[in-house]
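Me: I am new to this structure. Please take a close look at a single part, and then follow it outward step by step.

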Amino acid sequence: MSVTKRSKKVPLADLPYVGRGTLAGDWFRRHWLVVGTSNELRDIPQAVKVLGEELVLFRDDQGRIGLLGLYCPHRGTSLEYGDIEDGGIRCPYHGWLFDVDGQCLAMPGEPAERGFAEKVRHLSYPVQEQGGLLFAYLGSDAEAPPLPRYLPLVSEQGQRSLEATRLYNYNWFNFIENGADPVHFSILHRADPNDGTWRSWFFDFRDVPQFDAVEMPYGMKVISRKPGPTVGTEYVDEKSFALPAILQIGDTEFTHLRQPREALAAGSHNAHLMFVTPNDDASFTLYTVNHYTGPDNEFFAKLAPSRRVQAPMEKMPYDRREFSPFRGNVRTEDIACQATQKLLGERCEQLATSDRGVIMLRKLILSDIESVRRGGQPRALENAQSHGGLVKIDSFTGVRAKGLD
Amino acid sequence: MSVTKRSKKVPLADLPYVGRGTLAGDWFRRHWLVVGTSNELRDIPQAVKVLGEELVLFRDDQGRIGLLGLYCPHRGTSLEYGDIEDGGIRCPYHGWLFDVDGQCLAMPGEPAERGFAEKVRHLSYPVQEQGGLLFAYLGSDAEAPPLPRYLPLVSEQGQRSLEATRLYNYNWFNFIENGADPVHFSILHRADPNDGTWRSWFFDFRDVPQFDAVEMPYGMKVISRKPGPTVGTEYVDEKSFALPAILQIGDTEFTHLRQPREALAAGSHNAHLMFVTPNDDASFTLYTVNHYTGPDNEFFAKLAPSRRVQAPMEKMPYDRREFSPFRGNVRTEDIACQATQKLLGERCEQLATSDRGVIMLRKLILSDIESVRRGGQPRALENAQSHGGLVKIDSFTGVRAKGLD
Amino acid sequence: MSVTKRSKKVPLADLPYVGRGTLAGDWFRRHWLVVGTSNELRDIPQAVKVLGEELVLFRDDQGRIGLLGLYCPHRGTSLEYGDIEDGGIRCPYHGWLFDVDGQCLAMPGEPAERGFAEKVRHLSYPVQEQGGLLFAYLGSDAEAPPLPRYLPLVSEQGQRSLEATRLYNYNWFNFIENGADPVHFSILHRADPNDGTWRSWFFDFRDVPQFDAVEMPYGMKVISRKPGPTVGTEYVDEKSFALPAILQIGDTEFTHLRQPREALAAGSHNAHLMFVTPNDDASFTLYTVNHYTGPDNEFFAKLAPSRRVQAPMEKMPYDRREFSPFRGNVRTEDIACQATQKLLGERCEQLATSDRGVIMLRKLILSDIESVRRGGQPRALENAQSHGGLVKIDSFTGVRAKGLD
């Protein structure tokens, strides 16, 4: 390979950066990204930052959803303070009115007969709703590609539950790598070995399960295994990463609920899906959906208190650590580890064999960025197209016959 | 016009910057600026930032007011912690004592017979008091020009009331432009059309008044008009901008007090004068004087509660906007709009015909900066000189015969 | 002297900077520095910043103390959140375990038979305990020099008391200069002349004592004098600066306790020793030891309340000064003066004869940095070696025969 070709490769250190004109940023702009939820978008405009762009999200008085540039094109005031009325959002300062497509509808200070308003069109991005999530497309294509239909969001079977949106103050990639890293479960999230949860004995610190990293059309999955209760069976924990930045795990109830091992025969019935949207290089937002397809009508009502039980222990007076107390709560444990990592490319690393999932994930993203840069389709869109627009992501927890990947 | 000449013009994007050596900063340094108030300057030194310079303002034990460099010339300790005693301000660290002219009077650690003290003179700027405001001159001229006498500050008629000094955390120019922009009154400050205030029906959102922008010797004024109650009369609202950074409006009581339209026949009797002093490129201080010349001896006592009534409504729990709640209070409405604008030159703009006041204001300042740079006198000083030092600024609210500009 | 030689001199403006590769930073790295205290190091790791390096200090389950790089060499997570167990500190994320020498002992996710762990060694610095203080050596020498034995820390006579560790948010040098600057005592710390303390009449504002600055093998001392009670005697206050950044004063109890002048005949019996460790260019930590060798068994119990009595007065509502109230408490008085000084080299200065102590201190440090840069031994180590490793620093307060320096 010539030096020229090599120098064109996407460097690992570029992955964290998502602004317009960056390699990862331009790649993200070829995908629909979650920018809000139906529930949380109420009667006032929301300022949102997506891939470093300052935008305003609002639902107009006819129920249409708009995503426009945050600053009014007239004199630059923030539309976050705008009034939602008369078929659009009205700048608070001089009343310019924009519809969800960015078209200016009125300028109260200007003579109406001059028709200035119709000549002004503000930056706008298309938004679509799916299963309670609001997806936007920030690309500059003349026409946005179809929004993939994510099975847990569009399925009419089972029960669906959205968690409250969470903002994280560190780089998106520090979080996303976690999805291809099953080993940290046995260490960081190690539980009392006698607490009766799947997590406590399957992800045992003293007996870390074997795992494989497997490439999939939508991205990849990591499969952790231990010998099953009978010959020819195995305990399996399967988690997926889907392009561009989606994680799906299947063990939510086994992680949090105490239950006999026999219950595992039926497998987990809950897919726990996390959509990651970078706000900028230093923060991201997490949109989480649970899709339960088992027989228990009270499932979500039972799961909620078990999460609350995991309250972190009290903090000692001499403990000045920013993220403490963190032990005992899976989410704060992850935050303490990931938020203290520096940016990829700025931290020192010494990877080992157990990082093979992480390494595969990095290569997957890098090669997709490279392929898109050379004019190709994003793999996530190709995968959706080849399944009629439907995206199905694997996750599994429980007992099954060996060799059933 | 040659390219050379054109390139010498003051660019609009330079207007926000006020540090020493900037075009706007050097122009401001040719004017007296308000740096404090008599009432608020007590028995301790005040650190003040003016045009990016760190200074200390104090009143010595003989009542003289000094404005010196903030850092002691000896070893750099802040004189904000100094002691006011023995005819000056004494550095807390080693006791060097400076009078209001910056002259060092004593060095307690040095042998007095050597006379070191008399050789040291610290940076100082002249300060003058007028109507309760403290004006300073930060220019480097051998002698400061005379302080203009502002009519509302020096008049012996009527009643005068100073408001508490207010600090704003955005660029001075975003605020000052408001003074040449009558349209925002009908939009941003639109009131319930039935609330009985002048503001509610004169600055009606659905029937925005016509306005003219008129250049004046002291700067400019904008005159908004609507047909009056009888033939040959008109309702008028007149506001002024005076160089370098002063606004005057005349409608204070009609904005805030409910009263019958008949009351307007007498016109407003209150001039509401705002002196803007840039602290640096990101903040400014507002010194506000009301000068009432009407017959009501209780005028200020009545106005105060009407301002308090405008308390903003409650904030919804999901409303995370920095400046919210802002609706219903003219001042917080202005802040929400102006603080979210980026710096002039960094924001995108699309000006329209209703910005003709703003455009005139920008040109006025730019051409005065240009003229001063070429060796001319600031127009504000020329204007004062030509009126024997007295500055009278127009403002009006009420009914009057047509054509009386 | 040739221009070339001159340009090689260490500039004064370089003194404040302590990062790796700076002149002062590399010089500090040739000395043992205090990085913590035995009392305050408990069962959780402590993130510490020393000379700009981010490190983690911990005591392992066998009582050994380690100082390692803060970020795990595997994937960069902060070891501040690590678990102290199994003979070392374990990264919370993937469980890599390091002993106090930085040797990796285990990688739970890796096959043990491969022996990866033994090939990884993390950044570590040696730590030694002395008199309750934890000293570390951040140099890159193959072997650290012996830790000097500071008399007040190793003496088996008298009583020793460590104060709580204090963090200061300004440059280390602004503080250290204070130790060669006796004049500020008469100004900044001036007390009611009738309050009965040594400070009140010896360091009298209207009668500042004479002082000499004297170079010593360990650094320097400043000796302030006033005529004594009888012929041939004098009142003396002697304070020392020892390289690299240690201050010792002897007047603690006379500063704080009211007592008859006759008591001075016996001299002060308390050495008040302050070890300064720069955290970075903007902050330092102060470790303070009192060593009392007098006859009073209740000495420290009496001293503590006298310090508390010096509570600063109430703050006025209009007093917005960051460090106010500061008057009446020696420590906050120092902070107000030193924290507002800019960095040496960035502040303007006009030194006078009473700064001769400060000037000597600057020259001492600059010439030691210069000598170390040319390959020499730090003077502090040479001094310790020539006294069999023992460091004895002078301080005195009281009456003594003239000429006894």
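Reply: Two strands count as paired if DSSP finds at least two bridges between them. Strands themselves are DSSP runs of E with at least two residues, helices are runs of H or I with at least four residues, and both are numbered from the N terminus. The model is predicted, so local features need pLDDT of at least 70 and side-chain atom pairs count only at pLDDT 80 or more, while totals for chains, interfaces and linings use all residues. Residues are numbered from 1 along each chain as its sequence is written, chains are lettered from A and ligands numbered from 1 in the order in which they are written, and side-chain values use heavy atoms, with hydrogens and water left out.

The part to begin with is a hairpin in chain A. Strand E15 (residues 210-216) and strand E16 (residues 219-227) of chain A run antiparallel and are joined by seven bridges. Two residues lie between E15(A) and E16(A) in this hairpin. One of its bridges links A:Glu215 to A:Met220, the latter in E16(A). In a regular strand, side chains alternate between the two faces of the sheet.

Chain B offers another example of pairing. There, three strands make an open, antiparallel sheet in the order E1-E11-E10. Strand E1 (32-37) and strand E10 (127-130) of chain B are at the edges with a single partner strand each, so one side of each has no neighbour in the sheet. From one strand to the next, the twist averages 35° (axes are lines fitted to C-alpha atoms, for helices over the stretch in contact, and angles run from 0 to 180 degrees between N-to-C directions). E1(B) and strand E11 (residues 133-137) of chain B are paired over five bridges, and B:Leu33 faces B:Ala136 of E11(B).

From the strands, the next step is to where chain A meets chain C. Contact (heavy atoms within 4.5 Å) involves 37 residues of chain A and 32 residues of chain C. Between them, about 2,700 Å² is buried, with carbon and sulfur atoms giving 51%. A:Tyr318, A:Arg321 and A:Gln350 lose the most area to chain C in chain A, together 25% of what that side buries. Buried area is the accessible area (1.4 Å probe) that two parts lose on being put together, summed over both.

Nine salt bridges are counted between chain A and chain C, a salt bridge being a side-chain nitrogen of Lys or Arg within 4 Å of a carboxyl oxygen of Asp or Glu. One pair in a salt bridge is C:Asp83 with A:Arg190, whose closest N and O atoms are 3.3 Å apart. On the side of chain A that touches chain C, the elements giving two or more residues are helix H5 (183-187), helix H9 (330-340) and helix H10 (356-373) of chain A. H9(A) gives the largest share, four residues.

Chain B also meets chain C. Here the contact takes 32 residues from chain B and 37 residues from chain C. B:Arg75, B:Tyr81 and B:Tyr93 lose the most area to chain C in chain B, together 31% of what that side buries. Across this interface there are nine salt bridges, and B:Glu54 forms a salt bridge with C:Lys342, with the closest N and O atoms 3.7 Å apart. The side of chain B that touches chain C has 14 nonpolar, seven polar and eleven charged residues. In these classes Ala, Val, Leu, Ile, Met, Phe, Trp, Tyr, Cys and Pro count as nonpolar, Asp, Glu, Lys and Arg as charged, and the others, Gly among them, as polar.
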